[in-house]
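Thanks for asking for a second pair of eyes on this one. Here are my notes, written to be read with the model open beside you.

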Amino acid sequence: MEHIPVLLKEVITNLEIKSNGNYVDLTLGRAGHSKEILKQLKTGHLYAFDQDIDAIEKSKKILEEISPNFSIYHTNFINMKEVLEKEGVYGKIDGILMDLGVSSPQLDEDARGFSYRVDAPLDMRMDQRNSLSASVIVNTYPYEALVKILRDYGDERYASSIAKNIIKSRPINTTLELVDVIKRSKPSKELKKEGHPAKQAFQAIRIAVNDELNVLKETLKDAVDALAPNGRLLVISFHSGEDRIIKTYFKDLTVVEGTRINLPTKEVETKFTLITHKPIEASEEELEANNRSHSAKLRIIMKKGEAL
């Protein structure tokens with residue numbers, strides 16, 4: 001299946017790309033966003049990150065056909081600061097994009113174990129070099145840990161029942177075996193509802209495997225510090241937990257001290273401007289063309305320019 005980048009028009013418009021600027025795509029994937037950024041760069045440079053070596057190999061070929069003005073790093077984006085410091089551009093970035101979640105090719109590639117619709121080994125690792133996989137979590141984690149993962153990362157109402165049945169059914173070796181356990185853990189009325197009954201549990205386990213929420217928190221801090229004056233950070237999320245983290249952090253950076261209850265009354269100027277008071281979501285046209293964009297939320301923050 002062809003990869004369709006989410007909110008592409010909105011991302012490119014809001015990055016306000018300068019032809020001589022420095023830009024970062026922290027989630028390269030299949031270069032859906034990156035190639036459009038690179039097309040607008042003449043003397044500027046694109047720095048792209050991804051944990052998936054297969055994605056990197058495919059995207060490199062795509063970008064090479066456009067321009068040589070890019071670099072790709074096979075690493076988790078939590079290492080962005082170290083990489084950009086070595087390149088001498090940390091604090092000089094004009095735009096950063098974080099497109100969170102799993103790319104379409106990863107979902108569609110059976111062997112990766114992200115999908116609940118095809119049978120595959122329980123994997124879900126975005127970086128195949130990592131030792132923690134979905135199989136480890138499903139087959140070794142205790143009841144309490146499983147419940148916490150399912151509730152906190154998947155908003156799963158039947159977390160307790162699923163966790164109990166996972167433990168009873170061990171070993172669970174494939175995705176469809178896990179789907180069967182999840183289905184048996186829910187009342188029949190739930191199975192008749194719209195949407196796949198395993199969606200939330202699979203999402204929760206994937207987030208745990210890749211430590212996505214903790215990585216997001218740390219990376220957001222480094223990303224805003226990486227920006228040049230007037231630089232922008234754009235973050236697309238697909239999960240309520242991710243969106244809460246982004247919304248809260250952006251608010252903390254842009255609310256003037258003294259406007260909150262129980263804080264000192266002395267007001268200080270904030271260093272950032274919130275561009276999106278409400279998240280940007282997919283248009284009806286995009287939703288029809290790309291169903292995976294239905295839960296996407298784009299939030300944007302800008303570092304203020306230096307005073308004259």
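The numbered points below go through strands, a helix, the cores, one loop residue and the salt bridges.

1. A word on the source before anything else: what you are looking at is a predicted model. Residue numbers count from 1 along the chain as its sequence is written.

2. Strand E2 (residues 45-50) is a good place to begin. Six of its six residues are buried, so the strand is largely enclosed by the rest of the structure. Look at it from either side and you will find cover: His45, Tyr47 and Phe49 are buried on one face, and Leu46, Ala48 and Asp50 are buried on the other.

3. Next, the partners of E2. Strand E1 runs parallel to E2, and four bridges join them. Within this pairing, valine 24 has tyrosine 47 of E2 as its bridge partner. Between the two strands the chain passes through helix H2 (residues 34-39), giving a right-handed β-α-β crossover.

4. E2 also pairs with strand E3 (residues 70-74), again in the parallel sense, through five bridges. Here phenylalanine 49 stands opposite tyrosine 73 of E3. Helix H3 (residues 53-64) completes a right-handed β-α-β unit with E2 and E3.

5. Which residues of helix H4 (residues 80-87) are buried? Met80, Val83 and Leu84 are. They lie on the same side of H4, because they cover an arc of only 90 degrees around the axis. This fits the usual helix geometry: with 3.6 residues a turn, residues three or four places apart point the same way. The cover over the buried residues of H4 includes E1, E2, E3, E4 and helix H12 (212-226). Just after H4 comes glycine 88, which has a positive phi of about 75 degrees.

6. Phe49 of E2 and Leu84 of H4 meet us again in the largest nonpolar core, which has 33 residues. Both are among the residues with the most contacts inside this core, along with Ile96, Met98, Leu220 and Leu233. At least two core residues come from each of E2, H4, E4, H12, strand E5 (227-237) and helix H13 (240-254). H12 gives the largest share, seven residues.

7. Isoleucine 96 is worth selecting in your viewer. Leaving aside neighbours within four places in sequence, its contacts include Leu15, Val24, Leu26 and Met80. Further along the chain, isoleucine 96 is also in contact with Ala223, Ala226, Leu227, Arg232, Leu233 and Leu234. Please do not take the 33-residue core for the whole story: a second, separate core has 29 residues, including Tyr116, Val147, Ala163 and Ile172.

8. Is tyrosine 158 buried or exposed? Tyrosine 158 sits in the loop between helix H7 (143-154) and helix H8 (159-169). Its relative accessible area is 17%, and because buried means under 20%, tyrosine 158 counts as buried. Not counting residues up to four places away in sequence, tyrosine 158 touches Ser185, Lys186, Pro187 and Glu190. Tyrosine 158 and alanine 201 are 43 residues apart in sequence, with their C-alpha atoms 9.4 Å apart in space.

9. Now for the charges: the whole structure holds 18 salt bridges. One of them joins aspartate 94 to lysine 18, with the closest N and O atoms 3.1 Å apart. This pair links distant parts of the chain, 76 residues apart: aspartate 94 is in strand E4 (residues 93-99), and lysine 18 is in the loop between helix H1 (8-15) and strand E1 (22-25). Aspartate 94 is buried at 12% relative accessible area, whereas lysine 18 is partly exposed at 41%.

10. Two further salt bridges are worth setting side by side. Arginine 125 bridges to aspartate 123, with closest N and O atoms 2.8 Å apart. Arginine 125 is buried at 17% relative accessible area, and aspartate 123 is buried at 9%. Arginine 184 bridges to aspartate 180 with closest N and O atoms 3.1 Å apart. Both of these residues lie in helix H9 (residues 175-184), four residues apart, about one turn of the helix. Arginine 184 is partly exposed at 48% relative accessibility, and aspartate 180 is partly exposed at 41%. Elsewhere, salt bridges with shared partners join Arg30, Asp54 and Lys58 into one network.

Terms used:
Predicted model: local features only at pLDDT ≥ 70, side-chain atom pairs only at ≥ 80, totals over all residues. Heavy atoms only, no water. Salt bridge = Lys/Arg side-chain N within 4 Å of Asp/Glu carboxyl O. Buried < 20%, exposed > 50% of the residue type's maximum accessible area, 1.4 Å probe, protein only. Pairing = 2+ DSSP bridges. Right-handed = clockwise from strand over helix to strand, strands pointing away. Arc of directions from axis to C-beta. Contact = heavy atoms within 4.5 Å. Core = buried A, V, L, I, M, F, W, Y, C linked by side-chain atoms within 4.5 Å.
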